[in-house]
Amino acid sequence: QVQLVESGGGLVQAGGSLRLSCATSGRTFGTLAMGWFRQAPGKEREVVAAISRSGGNTYAADSVKGRFTISRDNAKNAVYLQMNSLKPEDTAVYYCAEVNTYFTTNYYRDARDYDYWGQGTQVTVSS
């Protein structure tokens, strides 16, 4: 049974930091590319960051580039999102997602590419 569990969300003041974690189980983690997405009220889900199977290739959306960093620990079957210099517009439910891929260097920015999703964790940034 595939399961993704996010943690680390919460309430933080603007300018603060949070680190989201996503623990996965049910599939061989080294075959999975991973992504973080977010959805704010009244808005569509959008990609935040993505990482390849190997961890060598990463992507960050323009809105978070330079502030957010995605990483993974294949030994722990986990992916992380370090979020610094948070802004009120970062307020959203954050989801991690996984996709089984043959390609070691590819990351995926389209939500439709992903197979499984976590339940989400709320991040609220106050001004």
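Salt bridges are the starting point here: in this predicted model, a search of the whole structure finds 7 of them. Three of these pairs are set out below, each with the distance from nitrogen to oxygen.

| Salt bridge | N to O distance |
|---|---|
| Arg27 and Asp115 | 3.3 Å |
| Arg38 and Asp90 | 2.9 Å |
| Arg67 and Asp90 | 2.7 Å |

**A bridge between two loops**

The side chains of Arg27 and Asp115 meet at 3.3 Å, counted from N to O. This pair links distant parts of the chain, since Arg27 sits in the loop between β3 (18-25) and β4 (32-39), while Asp115 sits in the loop between β9 (92-100) and β10 (116-117), 88 residues apart. How far is Asp115 covered by the rest of the protein, in terms of relative accessibility? Its value is 39%, and because buried means under 20% and exposed means over 50%, Asp115 counts as partly exposed.

**Two bridges that share Asp90**

The salt bridge of Arg38 and Asp90 has an N to O distance of 2.9 Å. Arg38 belongs to strand β4, whereas Asp90 lies in the loop between β8 (78-83) and β9, so this pair ties together parts of the chain that are 52 residues apart in sequence. Are Arg38 and Asp90 buried or exposed? Both residues are buried, and for Asp90 the relative accessibility is 1%, which falls under the 20% limit, so Asp90 counts as buried.

Asp90 also meets the side chain of Arg67 in a salt bridge, here at 2.7 Å from N to O. This pair, too, links distant parts of the chain: Arg67 is found in the loop between β6 (58-60) and β7 (68-73), and Asp90 in the loop between β8 and β9, with their positions 23 residues apart in the numbering. Arg67 has a relative accessible area of 10%, and because this is under 20%, Arg67 is buried as well.

Which residues are linked in a network of salt bridges? The network is made up of Arg38, Glu46, Arg67 and Asp90, so that the two bridges of Asp90 described above can be read as parts of one linked group.

**The disulfide**

Besides the salt bridges there is a covalent link to consider, and the count comes to 1 disulfide. It joins Cys22 to Cys96, with a distance of 1.9 Å from S to S, and with 50° about the S-S bond the link of Cys22 and Cys96 is right-handed. Cys22 lies in strand β3 and Cys96 in strand β9, which makes this another pair that links distant parts of the chain, 74 residues apart. Both Cys22 and Cys96 are buried.

**The chain as a whole**

How many helices and strands does the protein chain hold? There are 0 helices and 11 strands, and from the N terminus on, the elements therefore run as β after β, without any other kind. The radius of gyration is 14 Å, close to the 14 Å that the globule rule gives for 127 residues, so the chain is as compact as a globular protein of that length. Along its principal axes, the C-alpha trace spans about 40 × 30 × 25 Å.

Of the 127 residues, 43% count as buried. Among the contacts with a separation of 6 or more, 62% are made by residues 24 or more positions apart. The protein chain exposes about 6500 Å², and carbon and sulfur atoms supply 44% of this area.

Definitions and conventions:
Residues are numbered from 1 along each chain as its sequence is written. This is a predicted model: local features need pLDDT of at least 70, side-chain atom pairs count only at pLDDT 80 or more; totals for chains, interfaces and linings use all residues. Side-chain values use heavy atoms; hydrogens and water are left out. A salt bridge is a side-chain nitrogen of Lys or Arg within 4 Å of a carboxyl oxygen of Asp or Glu. Helices (H or I, at least four residues) and strands (E, at least two) are DSSP runs, numbered from the N terminus. Buried means under 20% relative accessible area, exposed over 50%, partly exposed in between (1.4 Å probe, protein chains only). A disulfide is a pair of cysteine sulfur atoms within 2.5 Å. The radius of gyration is taken over C-alpha atoms; the globule rule is 2.2 Å times the number of residues to the power 0.38. Contact means heavy atoms within 4.5 Å. Accessible areas come from the Shrake-Rupley method with a 1.4 Å probe; for residues, only the protein chains shown count as cover.
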